[in-house]
Amino acid sequence: MLIASNIKVYWMWAAVFLSYSITWAHPTGNMIVVDNYVFWSYINPIDDAQHHACIMIWKDGSTPKVFLKSEHPASDFMLSTKGKDIYILERRYLQTTDSFEIRLLKTTINQKPKVLWDWFEDRWHIGEAGFFMLSDTQMVFGNYPSVYTLQKGKQPSLYFEFETPINRIRAIPDGTILLLGDTSCFLVTQTGNTIQEWNNIIEPKITNAPLDRNKVFDVDFQEGRLLMAYWGKRSFEMIDAQGNRHTLYQHAAPFTPHWVAFMDRDQLLFASELIFDGSAPKPALIKLSPKGTPKKVW
């Protein structure tokens, strides 16, 4: 079960990131692909000072549009997919009690979301470090430094032991799991056995990293290739199946990479401005072809 010190750290960072979100409108969330549709978290409108979370949807040849918008200020959406099913964690901040609540929704591309788990207190920051569903009544989520499982209506417990502290998890369609550590990434089984490992994914001599955080923020995996959003370098990078590393796209300040996803043979690269001047930050979602040709999506 989560230890008290971990919960204390969570509340400290929750306050920090909530402040950041409201100040410069950058959301907590992620990006997924379902049947060649792309879904990602943001806020709507982009300059909404009250931070009403939304989920955007896009398919090649169309214009991005709002798929779902939260009715609650200071809210966030976190996404996961299992086949054609889309699972959505909606989180809201309650100023009256200075606490967070969360609920779980389930939908498909053409279906109205339904509530699977109604609102309950979120003392664990569920979904912020990634989550996936084993069934409609059991989820797995990351919470530094470990991976936990949660049955509906119960308390979290350790999903499996892992020797390296974990910052983020991601379910892969074949049933394996990506675990992102501070300087390494691991592809593992559902029991935590390592299938593949990438070490030294961080370049130690990076200077002027955004917020002084030299880290990889998000990863995805496909056919031996590791796709990375390298926050510290403002770049999107790939380690191919032969172990060779390539920079796919390089941003300049104030844009900072956040999320990645494979879409067939293309790569989806999401960044947004990291600014503190009170203006609304602009998002930048790019689809990169296998030949390296970028297409602006949003």
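A residue is taken as buried when its relative accessible area is under 20%, and by this criterion Cys54, at 0% relative accessibility, counts as buried in the predicted model described here. Cys185 likewise has 0% relative accessibility and therefore counts as buried. The structure holds zero disulfides.

The model is a prediction, and the mean pLDDT of the protein chain is 91, with 91% of its residues reaching 70 or more. Over residues 1-25, however, the pLDDT is below 50, and this stretch has 42 contacts in the model beyond near neighbours in sequence. Where pLDDT is low, the predicted coordinates should not be read in detail.

Among the sheets of the model, an open one of four strands follows the order S5-S6-S7-S8, and its pairing is antiparallel. Its edge strands are S5 (75-82) and S8 (114-121), each of which pairs on one side only. On average, and with direction ignored, neighbouring strands of this sheet are turned by 15° against each other. Within the sheet, strand S7, which comprises residues 99-107, is paired with S8 in the antiparallel sense over five bridges, and Leu105 stands opposite Val115 of S8.

An open sheet of four strands is also formed in the order S9-S10-S11-S12, again with antiparallel pairing. Because S9 (131-135) and S12 (157-160) stand at the edges with a single partner strand each, one side of each is left without a neighbour in the sheet. The twist from one strand to the next averages 35°. Strand S9 is joined by four bridges to S10 (residues 138-143), the two running antiparallel, and Met133 has Met139 in S10 as its bridge partner.

The loop that follows S10, leading to strand S11 (146-151), contains Pro145, and a cis peptide bond with omega of about 10° joins Tyr144 to this proline. A cis peptide bond is also found between Asn44 and Pro45, where omega is about -5°; Pro45 is located in the loop between strand S2 (37-43) and strand S3 (53-59). Most residues other than glycine have a negative phi, and most peptide bonds are trans. With regard to phi, Asp35 has a positive value near 50° although it is a residue other than glycine. Asp35 lies in the loop between strand S1 (31-34) and S2, and its relative accessibility of 43% means that Asp35 counts as partly exposed. Asp212 also has a positive phi, near 60°, and is placed in the loop between strand S16 (194-198) and strand S17 (216-222). At 70% relative accessibility, Asp212 counts as exposed.

Strands S21, S22 and S23 were examined next. Strand S21 (residues 255-263) is paired with S22 in the antiparallel sense over eight bridges, and Ala261 has Leu268 of S22 as its bridge partner. The two strands form a hairpin with two residues between them, and Asp264 in the turn has a positive phi of about 55°. Strand S22 is also joined to S23 by six bridges, and these two strands run antiparallel; here Leu268 stands opposite Lys287 of S23. Leu268 is thus a bridge partner of Ala261 and is set against Lys287 in S23.

Eight of the eight residues of S22 (residues 266-273) are buried, so this strand is largely enclosed by the rest of the structure. Asp266, Leu268, Phe270 and Ser272 point one way from the strand, whereas Gln267, Leu269, Ala271 and Glu273 point the other way, and all of them are buried. Both directions from S22 therefore lead to buried side chains, with charged residues such as Asp266 and Glu273 included in the two sets.Lys287 belongs to strand S23 (residues 283-288) and is buried, with a relative accessible area of 9%. The side chain of Lys287 makes a polar contact with the side chain of Asp266, at 3.3 Å. When residues up to four places away in sequence are not counted, Lys287 touches Trp58, Asp60, Met263, Asp266, Gln267, Leu268, Thr293, Pro294, Lys295 and Val297.

Terms used: Residues are numbered from 1 along each chain as its sequence is written. This is a predicted model: local features need pLDDT of at least 70, side-chain atom pairs count only at pLDDT 80 or more; totals for chains, interfaces and linings use all residues. Side-chain values use heavy atoms; hydrogens and water are left out. Two strands pair if DSSP finds at least two bridges between them. Axes are lines fitted to C-alpha atoms, for helices over the stretch in contact, and angles run from 0 to 180 degrees between N-to-C directions. A disulfide is a pair of cysteine sulfur atoms within 2.5 Å. Buried means under 20% relative accessible area, exposed over 50%, partly exposed in between (1.4 Å probe, protein chains only). A polar contact is a pair of N or O atoms within 3.5 Å; within protein, one must be able to donate a hydrogen and the other to accept it, and residues adjacent in sequence count only if both atoms are side-chain atoms. Contact means heavy atoms within 4.5 Å. pLDDT is the predictor's confidence in each residue, from 0 to 100.
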